[in-house]
Amino acid sequence: MNALALIQVGLILLCTTTISSLQCNHHPLQQRKVIENSLQLLDKMGEKFPQQCLREKMSFRFPKQVLKPRQKETVKVAIEEIFQHIFYIFSKNRTLAAWDGTALEQFQNGLYQQIEQLEACVIKKKTLYFQSKANRLKLKKYFKKIDCFLKDKQHNLCSWEIGRAEMRRCLQLIDKVIRKL
Amino acid sequence: SGQTNLRSPEDIQVYAVDKNFTLRWNYTGSDANVTFSAEYQWFTDFQTKVTEWKELPGCQNVTRTECDFSSAITQYYNEHRVRVRAERRGEVSPWSSIFEMVPYFIAQISPPGIELQSTNGVIKVKVSPPEADQVQKMWISDIHFKYNAVIWENSSNAVSRSQSIFPTDVIDDLAPDTTYCLKVQATIPLDLKEGLFSPIQCVKTTRKVNDLLCATNVSVLAVNMKFYLHWRNRYKQHTSYNVQCLTGYLKKLHDDYSVKWFNVPGCENITDTQCDLSPVITATSGFYYIRVQAMSEYNRSCLSNEVKVDPLITNEIGPPGVKLDINDVFLHIQISPPGGPESEVWRDHYDLSYRILYWKNSSNNEEEIKVKEIKQTIGSVSDLTPSTLYCVKVQALSRVYNKSSPYSKEECIETPRDKLLPLIILATFVSALIAVLVLATLLVFALYQAYNKIKYVFFPSCQPPLNIE
């Protein structure tokens, strides 16, 4: 009876380790696919950038150094953090944006799945390949700037279109980097 | 006012929760009539520009060894520096050592609020986020939080378990009629931050009512991205079902998602215990929750457990198709990928490769099975022995998702006869024949000559010569 219990415990442990190692196996292909998918949906959810919003355009200056470290893992984590910020931005008050709801939902859902995967992995492994503090803060500042911009303009149509164009630019940058990884 | 023998404060510390910052220090000198004042400066850009030392609001002429300077902190992502000194009757101590900090990194997450409800053997939890009623937030948004709940039985040697929960969630797999205690913390995993725990709340679970109306064994079967939901019915009377779907990310938000469940088209008010989920499971990224609502004739309804469908993970890959073609040198294996032409979209995600098994199908069945793995849909095998039956079966593999399909049907093909061999045999036979013929002729000739010689020597003809007569 004891031996059987031991075997059962052993099997459970084996399964848990297999499952957790599976969850942490976020292949670069999956990240690439999420980015491809997200870019397609970003295009699908709205029209071309409206001319009248051109004057309100702002330069947010995405911190490109964040995508340059030598360690692959560090870049991957930076990309996950960017996904999380994008997910947050698009979950705000979007009534004035007049976008295709289905495309937007799928966009959010795709990002969220990636975020969940990495978070579960971090919780289990308790390690993270960190960027330098300076880089991490630069990234947070960049997204805070966009957030404040949207708030100041009270989430009107133009501010949303500018935000969307900026996120598109950001994702395209990541796309280029991840293809080289 | 000069610096005399006043000691400067030591062990400067900052204690921060959300955007409330408290400066603390130790003072070892005599406390009589000593007040403290602090100064601060901050970097406007990383390590390049720094402001002048300014008076720290909330920390001027304080008598205690701590002060609240939250009003001074507005730039959460910039590096700040703080220093304190003691003052007494015009005398000032030297400045203490400088404390450096980035507000965002040093701040802790305050406890969330929790509301518990015990129903039907489970505990429903509703979490209210830290900084819920704040306009200015340190943590940007409650979306960034992942909540960690710690639960234990309220008995003497209870073991606590820890699980991740959504802002609105249900904790099941609990024993009925038992008191459980709970505490929750908000975490920001990507920043490796774990917040302070909420106060402990305890609640007693009720007994689970086994309503036969509810659908049970709700499961999803998916092959080649065709998703089917199956469940079981234990209710004897007439039951109709509604299959409902919830987009995954909605659980992450703090809004009430109970109103966001929608009916799956084609599975409304059905009596079948299965449903085709294709109308809703269309994307490859993002997961969904599915549940079954059972309704009886008397307008009573019951919701089943939820099933999480993560398309590419829940899906199983079907077997590929195989076609064989053969010539003298190569056996060509043509693989048709699983799912047919329309499956290209999702096949791409799996990054499929194919494992080919091939063997010689001889009568003794002792031949070894050879394996070959390729990424393309055409493979070839060389090194063939003629006039042999070769059999092949193929399976599709996804290393990215650690999935493999069942094997395809076995296909067999026979290698052609060796054209060269009969010719060789014929040539050998003919040359052997010629050689034999030649040898035979020579032998006959030699024998004839020998016979003549022997006849001449031993049996000459007895005719006298003509001139003797």
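pLDDT is the predictor's confidence in each residue, running from 0 to 100. You'll want that scale in hand, since what you are looking at is a predicted model. Chain A averages a pLDDT of 81, and 81% of its residues score at least 70. The confidence isn't spread evenly along chain A: helix α1 (residues 2-23) has the lowest mean pLDDT among the elements, 50, while helix α6 (residues 157-180) has the highest, 92. Over residues 12-23 of chain A the pLDDT drops below 50, and beyond near neighbours in sequence this stretch has five contacts in the model. Where pLDDT is low, the predicted coordinates should not be read in detail.

Let's stay with chain A for its overall build. Chain A has six helices and zero strands, so following the DSSP numbering from the N terminus you meet helices from α1 onward. Written out from the N terminus, the order of elements is α-α-α-α-α-α. Of the 181 residues in chain A, 50% count as buried. Take the contacts in chain A with a separation of 6 or more: 87% of them come from residues 24 or more positions apart.

Helix α6 of chain A holds a pair worth pausing on. A:Glu161 forms a salt bridge with A:Arg164, with the closest N and O atoms 2.8 Å apart. The two residues sit three apart in helix α6 of chain A, which means that about one helical turn separates A:Glu161 from A:Arg164. Is A:Glu161 buried or exposed? A:Glu161 has 7% relative accessibility, so it counts as buried. A:Arg164 is buried too, with a relative accessible area of 8%. Side chains of opposite charge can pair when their charged atoms come close.

Now bring in chain B. Here 38 residues of chain B are in contact with 38 residues of chain A. The area buried between chain B and chain A is about 3900 Å², and carbon and sulfur atoms give 62% of that. On the chain B side, B:Tyr77, B:Leu190 and B:Tyr249 lose the most area to chain A, together making up 21% of what that side buries.

What about charged and polar pairings between the two chains? The count between chain B and chain A is four salt bridges, along with 13 residue pairs in polar contact, both residues at pLDDT 80 or more. Two helices of chain B, α1 (103-106) and α3 (344-350), each supply at least two residues of the side that touches chain A. That side of chain B divides into 20 nonpolar, 11 polar and seven charged residues.

One salt bridge between the chains joins the side chains of B:Asp191 and A:Arg136, at 3.0 Å from N to O. Both B:Asp191 and A:Arg136 are buried. There is also a network of salt bridges that links A:Lys33, A:Glu36, A:Asp175, A:Arg179 and B:Asp348. Counted over all chains, the structure holds 28 salt bridges. As for where the B:Asp191 and A:Arg136 pair sits, it crosses from the loop between β15 (179-188) and β16 (193-197) of chain B to helix α5 (residues 133-152) of chain A.

Another salt bridge stays within chain B. The side chains of B:Lys403 and B:Glu316 meet at 3.3 Å, N to O. This pair links distant parts of the chain, 87 residues apart: B:Lys403 is in strand β32 (residues 403-404), and B:Glu316 is in the loop between α2 (311-314) and β26 (321-326). B:Lys403 is buried, with a relative accessible area of 11%, whereas B:Glu316 is partly exposed at 38%.

Two more residues of chain B round out the tour. B:Val345 is in helix α3 of chain B, and its relative accessibility is 59%, so B:Val345 counts as exposed. B:Val345 and B:Thr284 are 61 residues apart in sequence and 8.6 Å apart in space, C-alpha to C-alpha.

B:Leu213, in the loop between β17 (201-204) and β18 (216-223) of chain B, is buried, with a relative accessible area of 0%. Which residues is B:Leu213 in contact with, leaving aside its neighbours within four places in sequence? Among them are B:Tyr235, B:Thr239, B:Ala294, B:Met295 and B:Cys302. B:Lys49, by contrast, lies 69 Å from B:Leu213 in space, C-alpha to C-alpha, and 164 residues away in sequence.

Conventions:
Residues numbered from 1 in each chain as written. Chains lettered and ligands numbered in written order. Heavy atoms only, no water. Helix = DSSP H or I, 4+ residues; strand = E, 2+ residues; numbered from the N terminus. Contact = heavy atoms within 4.5 Å. Buried area = accessible area lost by both parts, 1.4 Å probe. Polar contact = N/O pair within 3.5 Å; in protein donor to acceptor, adjacent residues only side chain to side chain. Nonpolar A, V, L, I, M, F, W, Y, C, P; charged D, E, K, R; others polar. Buried < 20%, exposed > 50% of the residue type's maximum accessible area, 1.4 Å probe, protein only.
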